[in-house]
Amino acid sequence: MDKSYYISENQAQTTFENAAYLKRWIEDNEIEKVYLVTSAYHILRSAAVFKAQNIDFLIVHSGFIYDHQFSWLDYLPNRGALNANLSALHEWIGLAWYYIRGRI
């Protein structure tokens, strides 16, 4: 992608604020469609928020946090699995919170 087409919004502190700021920029610049670049585990909430803001987008994930190649060691507790599970829990709670607050 040509870097002249890349923008990054840096005022937002939440996914909802990011979509709101981007929506305003899209309208001001008459942009029709954007790429939503986010981490793979954050796609569901990001997409829901952008859809709720009526932003036309294509999703591009920036990577996974766990490789999903199982071995016998995966049955033992480890830091990587804990981090992956905490990220998943964070996203599920975030989805529920955004739904309750009417953001998605």
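The following questions and answers go through a predicted model of the protein.

Trainee: In what order do the elements of the protein run from the N terminus on?
Mentor: The protein has 3 helices and 2 strands. Helix α1 covers residues 15–29, and helix α2 covers residues 43–52. Helix α3 covers residues 79–100. From the N terminus on, the order is α-β-α-β-α.

Trainee: Why is the protein described as more spread out than a compact globule?
Mentor: The C-alpha trace spans about 55 × 35 × 20 Å along its principal axes. For 104 residues the globule rule gives 13 Å, and the protein is well over that value, so it is more spread out than a compact globule: its radius of gyration is 16 Å.

Trainee: What percentage of the residues of the protein count as buried?
Mentor: A residue counts as buried under 20% relative accessible area. The protein exposes about 8,200 Å², with carbon and sulfur atoms supplying 55% of that area. Of its 104 residues, the share that counts as buried is 24%.

Trainee: What share of the contacts with a separation of 6 or more comes from residues 24 or more positions apart?
Mentor: Threonine 15 and histidine 42 give an example of a contact between residues well separated in number, with threonine 15 in helix α1 and histidine 42 among the residues it touches. For the protein, the share from residues 24 or more positions apart is 52%.

Trainee: How far apart are the mean positions of the positive and negative charges?
Mentor: The count is 9 positive and 11 negative charges. Their mean positions are separated by 6 Å.

Trainee: With which side chain does the side chain of threonine 15 make a polar contact?
Mentor: Threonine 15 lies in helix α1 and counts as buried, at 13% relative accessibility. Leaving aside neighbours within four places in sequence, its contacts are His42, Arg45, Ser46, Val49 and Tyr98. The polar contact, at 2.9 Å, is with the side chain of histidine 42.

Trainee: Is lysine 23 buried or exposed?
Mentor: Lysine 23 is found in helix α1. Beyond neighbours within four places in sequence, it is in contact with Gln53, Asn54 and Ile55. Its relative accessible area is 19%, and the cut-off lies at 20%. Lysine 23 is therefore buried.

Trainee: Which elements do the buried residues of α2 pack against?
Mentor: The buried residues of helix α2 are Arg45, Ser46, Ala47, Val49 and Phe50. Among them, Arg45, Ser46 and Val49 are also contacts of threonine 15, which lies in α1. The elements they pack against, as a set, are α1, β1 (34–38), β2 (57–61) and α3.

Trainee: What is the phi of asparagine 54?
Mentor: Asparagine 54 comes just after α2, in the loop between α2 and β2. At 63% relative accessibility it counts as exposed, and it is one of the contacts of lysine 23. Its phi is positive in a residue other than glycine, near 60°.

Trainee: Where is glutamate 30 found, and what is its phi?
Mentor: Glutamate 30 is exposed, with a relative accessible area of 72%. It is found in the loop between α1 and β1. Glutamate 30 is a residue other than glycine with a positive phi, near 50°.

Trainee: How far apart in space are alanine 88 and histidine 42?
Mentor: Alanine 88 is found in helix α3 and is partly exposed, with a relative accessible area of 31%. In sequence, alanine 88 and histidine 42 are 46 residues apart. From C-alpha to C-alpha, the separation is 8.6 Å.

Trainee: How far apart in space are leucine 86 and isoleucine 100?
Mentor: Leucine 86 has its place in helix α3 and counts as partly exposed at 47% relative accessibility. Leucine 86 and isoleucine 100 are 14 residues apart in sequence. Their C-alpha separation is 21 Å.

Trainee: Which residues does glutamate 9 touch, not counting those up to four places away in sequence?
Mentor: Glutamate 9 is found in the segment before α1. It is partly exposed, with a relative accessible area of 21%. Its C-alpha atom is separated by 16 Å from that of alanine 47, 38 residues apart along the chain. The residues it touches are Asn18 and Tyr21.

How values were computed:
Residues numbered from 1 in each chain as written. Predicted model: local features only at pLDDT ≥ 70, side-chain atom pairs only at ≥ 80, totals over all residues. Heavy atoms only, no water. Helix = DSSP H or I, 4+ residues; strand = E, 2+ residues; numbered from the N terminus. Rg over C-alpha atoms; globule rule 2.2 N^0.38 Å. Buried < 20%, exposed > 50% of the residue type's maximum accessible area, 1.4 Å probe, protein only. Contact = heavy atoms within 4.5 Å. Areas by Shrake-Rupley, 256 points an atom, 1.4 Å probe, with all protein chains shown as cover. Lys, Arg positive; Asp, Glu negative; His and termini not counted. Charge placed at Lys NZ, Arg CZ, Asp CG, Glu CD. Polar contact = N/O pair within 3.5 Å; in protein donor to acceptor, adjacent residues only side chain to side chain.
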